[in-house]
Amino acid sequence: MRHALAAAALTAAAASIPGAAAGRGVAISASPLRLTLRGASAAAITVRNPGRRPLLVDVSRAGFARSLRGRPQVRAARGAARWLRFRPRRIRIAPHRKATIHVAAKPPRGAEPGDHPALVLLTTRPLHVHRVRLRLRVGVIVVLRVRGRIVRRLDARRLTVRRVGSRRLLELLLVNRGNVTEHLGGARLRLVLLRRGRTLATLRPRRRELLPRSAGLAEFAYHGQVRGNVVARVELRPAARRRPRTFRVRL
């Protein structure tokens, strides 16, 4: 149970929920939950204890990734995570009080330009609550941005259709071959459904981010009544020099 609670708390925090709680007056929160450090720079994280029990919190670092569907994943502390320095490494927070952690980044010479994601992990020492040992963990996403030539390139690889009730969910597999984080949604990406050259619908994806040098699914919900074979055209803004990718699918 202890490990399940710790994993749940970390997932919640990395997904931009303000903190973790296990009930019985035990909770921890951090602000901000996302930092961008440009080159050799520094920032501060405020950690709060809104619960009724004192907390002893260990501070550590880890790698960060997302699954195909965007779920946060904790990785070994390699690459950009090793560029992070922070103090203090352990803090004690009384109930309803707060503490500050100072975070600094120092990318090495020759570091590749672009975004490099990492995590600062805040993990409570075990707490005994009704004979159960609990740990709470919050992850603060840190994006280390190295100056240099920025490359933005999204490649569409595959489009599939899933039926969810009366809806059709179109899942587009994308590969981010660029060196910066891509934010899907808004005007950046859309999917145009066509039949015999006539536009049937223009869909926009559920908002999510796609980290550099990673793959992920962009999800488009279609609520229309059209069924059968259609052509789906992938449109990116700003427009790529090559022709838009198209797929033939059945709704």
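In this predicted model, the search for enclosed space yields one cavity of 30 Å³ or more, and the volume of the largest cavity is about 40 Å³. Its lining is made up of R66, S67, R208, E209, L210, L211, S214 and A215. Two elements, β19 (208–210) and β20 (214–222), each give two or more residues to this lining, and the largest share, three residues, is that of β19. When the lining of the largest cavity is sorted by class, three residues are nonpolar, two are polar and three are charged; the nonpolar class here takes in L210, L211 and A215, the polar class S67 and S214, and the charged class R66, R208 and E209.

Confidence in the model was considered next. The pLDDT averages 87 over the chain, and 86% of the residues score at least 70. Residues 1–18, by contrast, have a pLDDT below 50, although this stretch makes 33 contacts in the model beyond near neighbours in sequence. Local features are reported here for residues with a pLDDT of at least 70, a cut-off that the stretch of residues 1–18, with its pLDDT below 50, does not reach.

Strand β9, which spans residues 97–105, takes part in two of the pairings described here. With strand β4 (residues 41–49), β9 pairs in the antiparallel sense over nine bridges, and within this pairing T46 has T100 of β9 as its bridge partner. Strand β7 (residues 84–87) is likewise antiparallel to β9, in this case over four bridges, with R85 standing opposite A104 of β9.

The loops that adjoin β7 and β9 also carry backbone features that call for comment. In general, most residues other than glycine have a negative phi, and most peptide bonds are trans. The peptide bond that joins R87 and P88 is, however, cis, with an omega of about -10 degrees, and P88 is placed in the loop between β7 and β8 (90–93). In the loop between β8 and β9 lies H96, a residue that is not a glycine and yet has a positive phi of about 60 degrees. A further cis peptide bond runs from S31 to P32, where omega is near -5 degrees; P32 belongs to the loop between β2 (26–31) and β3 (34–38).

Among side-chain interactions, the count of salt bridges comes to 16. One of them is formed by the side chains of D58 and R125, with a distance of 2.5 Å from N to O. Because D58 lies in strand β5 (residues 55–66) whereas R125 lies in the loop between β10 (114–124) and β11 (127–129), this pair ties together parts of the chain that are 67 residues apart in sequence.

Methods:
Residues numbered from 1 in each chain as written. Predicted model: local features only at pLDDT ≥ 70, side-chain atom pairs only at ≥ 80, totals over all residues. Heavy atoms only, no water. 1 Å grid on protein atoms, 1.4 Å probe; cavity = no way out; pocket = protein on both sides within 12 Å on 5 of 7 lines; lining within 4 Å. Points joined across faces, edges and corners; volume = space filled by probe spheres on them. Pairing = 2+ DSSP bridges. pLDDT = per-residue confidence, 0-100. Contact = heavy atoms within 4.5 Å. Salt bridge = Lys/Arg side-chain N within 4 Å of Asp/Glu carboxyl O.
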